[in-house]
Amino acid sequence: MNYTTDCLIIGSGAAGLTLALGLAEKTKVIVLSKETACAGSTNYAQGGIAGVYNIKDDDDSIAAHIKDTCIAGAYLCDEKTVEFVAKNAHDAIQWLIDSGVPFDLKEEKAGDDQSPYHLHREGGHSHRRIFHAEDHTGKSIQETLTALARKHPNITLLENHNAIDLVTTRKLGLAGNRVIGAYVLNNETSHVETICAKFIALCTGGASKVYQYTCNPEVSSGDGIAMAYRAGCRVANMEFNQFHPTTLYCDADRNFLLTEALRGEGAQLKRPDGTRFMQDYDERLELAPRDIVARAIDHEMKKLGADCMYLDISFKEPEFVKKHFPTIYDRCLKVGIDITKQPIPIVPAAHFTCGGIMVDNNARTDIENLYAVGECAYTGLHGANRLASNSLLECVVYGKAAATHILKHLSDAELAPVPDWDESQVTNSDEEVIITHNWHELRLTMWDYVGIVRTNKRLERAMHRIELLKKEVHEYYSNFRVTRNLLELRNLLDVAEIIVKSAMMRKESRGLHYNVDYPNQEEHSGPTILNP
């Protein structure tokens with residue numbers, strides 16, 4: 001089945017649904033999702049959404065939010081972008097409130113001039129400014145926006161559909177480089193479909209699945225970044241992959257993230273012998289930015305030969321812990337850990353892609369009528385390290401900006417025909433094991449050589465392995481019918497190559513990129529930009 005629409009949105013998280021709901025009052029939209037609409041990273045975001053909503057609460061300010069973001073980003077943030085996002089935070093959060101997101105309220109009645117919302121503080125933030133819904137904020141946002149999208153007559157949700165590639169006028173040998181559609185694999189029928197669209201927005205999330213250990217869901221395979229790069233878009237800062245410091249270390253539950261809000265409420269990081277260690281690394285202790293905390297944990301594990309470190313909030317009142325962190329309490333209890341009585345075993349894991357497809361403040365990419373919003377985009381907000389809870393904010397702010405810009409230019413855009421997908425020269429594969437084997441090899445290579453701590457030699461080894469794997473997968477892609485696993489592996493290989501190239505280009509250690517061979521920061525540093 002083939003489709004035609006005004007706007008195709010690839011991705012159904014906070015970025016994609018904010019954009020879809022912003023467009024749907026005036027035009028028809030198709031939203032594509034690889035699995036169910038709620039399968040992306042938004043659904044798993046525990047912490048919250050950062051923003052200055054009412055400065056009368058505790059003397060917080062937009063200037064303070066900007067400063068905290070730039071400090072966490074190791075001064076590689078685009079200050080104009082940071083200002084744009086921070087100034088639009090109030091409206092973004094108010095839109096979520098008006099949409100029905102149930103952010104937590106204060107236990108005591110707020111004064112007339114105060115916000116009624118209970119706010120968390122997280123690492124890198126100088127004030128309490130994190131709006132949250134218990135410890136499942138992302139889930140609350142996802143479910144609220146998905147419900148609104150499902151009942152909107154102008155929004156069509158196509159679940160279980162994998163985008164394969166963008167179709168541009170340049171690919172078809174026509175003038176310019178304008179996006180006109182996409183090829184999409186229907187995972188239920190295994191047939192490739194075409195979607196013609198005046199505008200396309202990539203809202204596909206990050207690429208943390210490129211690493212062996214990640215707290216991201218299965219869908220985080222860098223699809224949008226890879227497709228945009230193949231189509232001719234520049235990408236930036238892909239060497240900065242954030243490793244969340246605290247992921248549950250447990251064979252029965254390997255991907256469960258433990259929100260930074262735990263440390264915001266006083267949880268302490270400890271060695272296996274029960275002693276604290278953050279005082280040896282940063283004066284901000286457990287509230288240091290994530291790159292510093294992750295490196296500290298990694299260093300302690302290697303120094304002691306330990307499998308994990310520990311996060312301890314058991315000294316707090318049990319009812320406080322259960323009230324503010326019910327999801328974490330229940331999840332840990334299922335694997336035999338009572339967090340009100342014992343510390344939680346933790347390890348760092350790949351969590352957030354700070355770089356991505358280069359866009360402007362309207363979310364426009366280098367290709368005409370192609371937009372990118374959310375984790376797959378590089379706006380300049382995060383710099384060398386994302387400040388906690390700025391990601392959901394970025395999704396909403398840029399989702400709204402993209403909707404405004406698309407609607408303004410809707411009447412100027414035209415539909416163009418997209419040729420049918422040609423699979424007449426390919427056959428079904430009888431060696432699916434090749435995909436599985438290469439998949440594991442890639443992710444282990446990235447973890448071992450392009451992880452929290454890097455060296456020139458490790459990066460060279462990683463690039464050599466990636467080049468061999470790309471050659472093998474390209475041959476496979478050319479001869480056999482596409483499957484979801486093959487498409488994701490192809491995209492991850494492209495993203496892995498981009499990450500390693502970017503890391504090789506940066507001759508310093510800054511934020512999330514730490515290279516033993518270049519331990520110092522350069523005096524004048526800017527974004528790493530790759531032009532395909």
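**Group meeting talk: strands, cores and rings in a predicted model**

Let me begin with one pair of residues, in which Cys-7 stands opposite Val-29 in strand S2. Before I go further, please keep in mind that everything I describe comes from a predicted model. The strands behind that first pair are S1, covering residues 3-10, and S2, and they pair in the parallel sense over 4 bridges. Strand S2 itself, residues 29-32, is covered on both faces, with Val-29 and Val-31 buried on one side and Ile-30 and Leu-32 buried on the other.

Now let me turn to another sheet. Strands of a sheet pair through backbone hydrogen bonds, and they may do this either parallel or antiparallel. Here we have an open sheet of 4 strands, in the order S11-S14-S13-S12, and the pairing is antiparallel. Strand S11 (241-248) and strand S12 (268-270) each have a single partner strand and stand at the edges, so one side of each is left without a neighbour in the sheet. On average, and ignoring direction, neighbouring strands of this sheet are turned by 45 degrees against each other. Within the sheet, strand S13, residues 309-312, and strand S14, residues 344-353, run antiparallel and are joined by 3 bridges, and Tyr-310 is found opposite Pro-345 in S14.

What lies across these strands? It is helix H8, residues 290-304, which lies across S11, S12, S13 and S14 and runs at about 60 degrees to S11. One residue of helix H8 is Ile-292, and if we set aside residues up to four places away in sequence, Ile-292 touches Met-278, Asp-282 and Arg-284. Ile-292 and Ser-208, by comparison, are 84 residues apart in sequence and 19 Å apart in space, taken from C-alpha to C-alpha.

Next come the nonpolar cores. The largest of them has 75 residues, and the members that touch the most other members are Leu-8, Ile-10, Leu-166, Ile-200, Leu-202, Leu-442 and Met-446. Helix H14, residues 484-505, gives the largest share of this core, with 11 residues. If we look at Leu-166 and leave aside its neighbours within four places in sequence, its contacts include Ile-10, Ile-200 and Leu-202, and also Lys-171, Val-179, Met-227 and Leu-370. There is also a second, separate core of 54 residues, and Leu-23, Ile-49, Phe-199 and Leu-392 are among its members.

Let me move on to the aromatic rings. A pair of aromatic rings is described by the distance of the centres and the angle of the planes. The structure holds 12 aromatic pairs, and I will take two of them as examples. For Phe-84 and Tyr-398, the ring centres are 5.5 Å apart and the planes stand at 65 degrees, so this pair is edge-to-face. This pair links distant parts of the chain, since Phe-84 sits in helix H3 (residues 79-87) and Tyr-398 in helix H11 (residues 390-409), 314 residues apart. How exposed or buried are the two partners? Phe-84, at 23% relative accessibility, counts as partly exposed, whereas Tyr-398 is buried, with a relative accessible area of 1%.

The second example is Tyr-117 with Phe-131, whose ring centres are 5.5 Å apart and whose planes are at 50 degrees, so this pair is tilted. Tyr-117 belongs to the loop between helix H4 (89-99) and strand S4 (119-120), while Phe-131 belongs to strand S5 (residues 130-131), 14 residues apart. Tyr-117 counts as buried at 13% relative accessibility, and Phe-131 counts as buried at 0%. Together with Tyr-53 and Phe-103, Tyr-117 and Phe-131 form one aromatic cluster.

Rings also meet charged side chains. Lys-316 lies over the face of Phe-320, at 5.1 Å from the ring centre, and Arg-386 lies over the face of Phe-352, at 4.3 Å from the ring centre.

I will close with two residues that have a positive phi. Tyr-75 is not a glycine, yet it has a positive phi of about 60 degrees, and its place is in the loop between helix H2 (62-72) and H3. Ser-389 is likewise not a glycine and has a positive phi of about 65 degrees, and its place is in the loop between strand S17 (377-378) and H11. Which of the two is exposed, and which is buried? Tyr-75 is exposed, with a relative accessible area of 59%, whereas Ser-389, at 5% relative accessibility, counts as buried.

How values were computed. Residues are numbered from 1 along each chain as its sequence is written. This is a predicted model: local features need pLDDT of at least 70, side-chain atom pairs count only at pLDDT 80 or more; totals for chains, interfaces and linings use all residues. Side-chain values use heavy atoms; hydrogens and water are left out. Two strands pair if DSSP finds at least two bridges between them. Helices (H or I, at least four residues) and strands (E, at least two) are DSSP runs, numbered from the N terminus. Axes are lines fitted to C-alpha atoms, for helices over the stretch in contact, and angles run from 0 to 180 degrees between N-to-C directions. Contact means heavy atoms within 4.5 Å. A nonpolar core is a set of buried Ala, Val, Leu, Ile, Met, Phe, Trp, Tyr and Cys residues joined through side-chain atoms within 4.5 Å. Buried means under 20% relative accessible area, exposed over 50%, partly exposed in between (1.4 Å probe, protein chains only). Rings of Phe, Tyr and Trp (its six-membered ring) pair if their centres lie within 6.5 Å; planes under 30 degrees apart count as stacked, over 60 as edge-to-face and the rest as tilted. A charge sits over a ring if NZ of Lys or CZ of Arg is within 6 Å of the ring centre and within 35 degrees of the ring normal.
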